[in-house]
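User: Hey, can you walk me through this one? I'm new to reading these.
Analyst: Sure, here it is.
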Amino acid sequence: MAICRVKYLLSLSKCFSLRTFSSAQGPPPHLQNIGFIGLGNMGSRMANNLIKAGFSLTVHDLNSDVLDLFSQMGIPTKKTPYEVSEASDVVITMLPTSAHVIDVYTGTNGLLHGGKLLRPWLLLDSSTIDPETSRNLSATVSNYILKEKKGDWERPFKLDAPVSGSVTAAEAGTLTFMVGGSEEAFIAAKPLLFSMGKSAIHCGGAGSGSAAKICNNLALAVSMLGISEALALGQSLGVSASTLTNIFNCSSARCWSSDAYNPVPGLMEGVPSSRDYIGGFASKLMAKDLNLAVESAKLAGCKFPLTSQAQKIYTELCSNGYEAKDFSCAFRHYYSGLDEPHDQ
C-alpha cells in the first residue's frame, strides 16, 4: 500500500512540477492553502515565488511592516502561528534559530496549540537549525491527528527542508532544498519546493536535512578560508591573486570559492567581494552554522579540528564588526589580503 501511495504521489508531483499553474488547473488538492511564517530576507522572497506560482498564501511575521506589505498585495495575514495553522493545508517556516522554531511550533499560540488535532497535513521547516531539534519536533508532530484525513493519511508529517543559496537565489527561485523526513511527504511537497528552488534532495529520515545543511556549510566555510589563506599567502610571496586563481581554476584546487565566488576584490564581477562584501551570506550566519556544526560533532563523538578553527575565525570577524559582511570578507579582514584590479 505504501509503495502504491509513493508511486501515485510521484506521478502527481510530476503533473504539478511546473512553476506556475493555469487558472483552470490550480495547485494540487493537497496544496490548496499554504501558510508561511518568517518573512525575512529569505522567507519573503520564497513566499513571493509561491504567490507567483499560483498558490494561495496566508502569512505571519513579528514585523508588522512586512505584514502590511503582504496585506497590500492582497495576501491574508494572521497575528499568530496558530491562526496560520487553522487556515492552511501546509505551513512553511523560515526562521533564524532553533529557539525561534521551537517557539513557533510549541509556544503560546504556536502551530501545535490546539490540543492533539491539527489541520495542516504537512509542516515544512526551512530554517537552519540543529538536527536534534528537527528530530524532536518531528516526533512531537507525529503524535498529532489530522482534523480531516488526507487520503490514507490520518497523521500529519513534518519535513526539515533547509536551503542552500543566497537571497539572490531565493528571489530567483533557484534554491536547493535538503529534505529530511517521510519520502511520501517529500514527494507530495515537490510542487512547493520546485516553485521556490531548482533542486530538492531527499536526505533520509527526520533531521537529515538539517544535518546535510550543517555539513554543506561547514565544507563551504573551510573551502572559503582555504582559498582566502592561499591567495593571501600568494600575494605575500609575489604571486598575484589573479594568477593563482587562474591556476586553481584549471588545477586540483578548483572549487566554488575560487571559480564562482572569489573573495578577492577586483577579480570577479557580481559577487560580494566586488561590492565591499555587501550582500551575500553574512559572516554572523556562517558563525551560527559553524556553532551548530561544532555542537553536532560533539554529540556524534566526531573530531572537528577544521570546524573549530573556522568557528574561531568567523567569531573573531563578528567581534571585530564584520558580522554583516559576506563570509568571503575573511580574505580582507582576517588574512589582510589585498584588492587587485581586474586586469592585473
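Analyst: First a term: pLDDT is the predictor's confidence in each residue, from 0 to 100. This is a predicted model, where local features need pLDDT of at least 70, side-chain atom pairs count only at pLDDT 80 or more, and totals for chains, interfaces and linings use all residues. Residues are numbered from 1 along each chain as its sequence is written, and side-chain values use heavy atoms, with hydrogens and water left out.

User: OK, what's the mean pLDDT of the chain?
Analyst: The mean is 92, and 92% of the residues reach 70 or more. Over residues 1-20, though, pLDDT stays under 50.

User: Cool. Is F331 buried or exposed?
Analyst: F331 counts as buried because its relative accessibility is 0%. Buried means under 20% relative accessible area, exposed over 50%, partly exposed in between (1.4 Å probe, protein chains only).

User: And where is F331?
Analyst: In helix α14, residues 330-333. Helices (H or I, at least four residues) and strands (E, at least two) are DSSP runs, numbered from the N terminus.

User: New topic: which residues of strand β5 point one way?
Analyst: L122 and L124 do, while L123 and D125 point the other way, and all are buried.

User: What does β5 run parallel to?
Analyst: Strand β3 (residues 90-93) is joined to β5 by four bridges, in parallel. Strand β7 (residues 157-160) also runs parallel to β5, again with four bridges. Two strands pair if DSSP finds at least two bridges between them.

User: Which residue does L124 stand opposite?
Analyst: L159, in β7. On the β3 side, V90 has L122 as its bridge partner.

Technical notes
Contact = heavy atoms within 4.5 Å.
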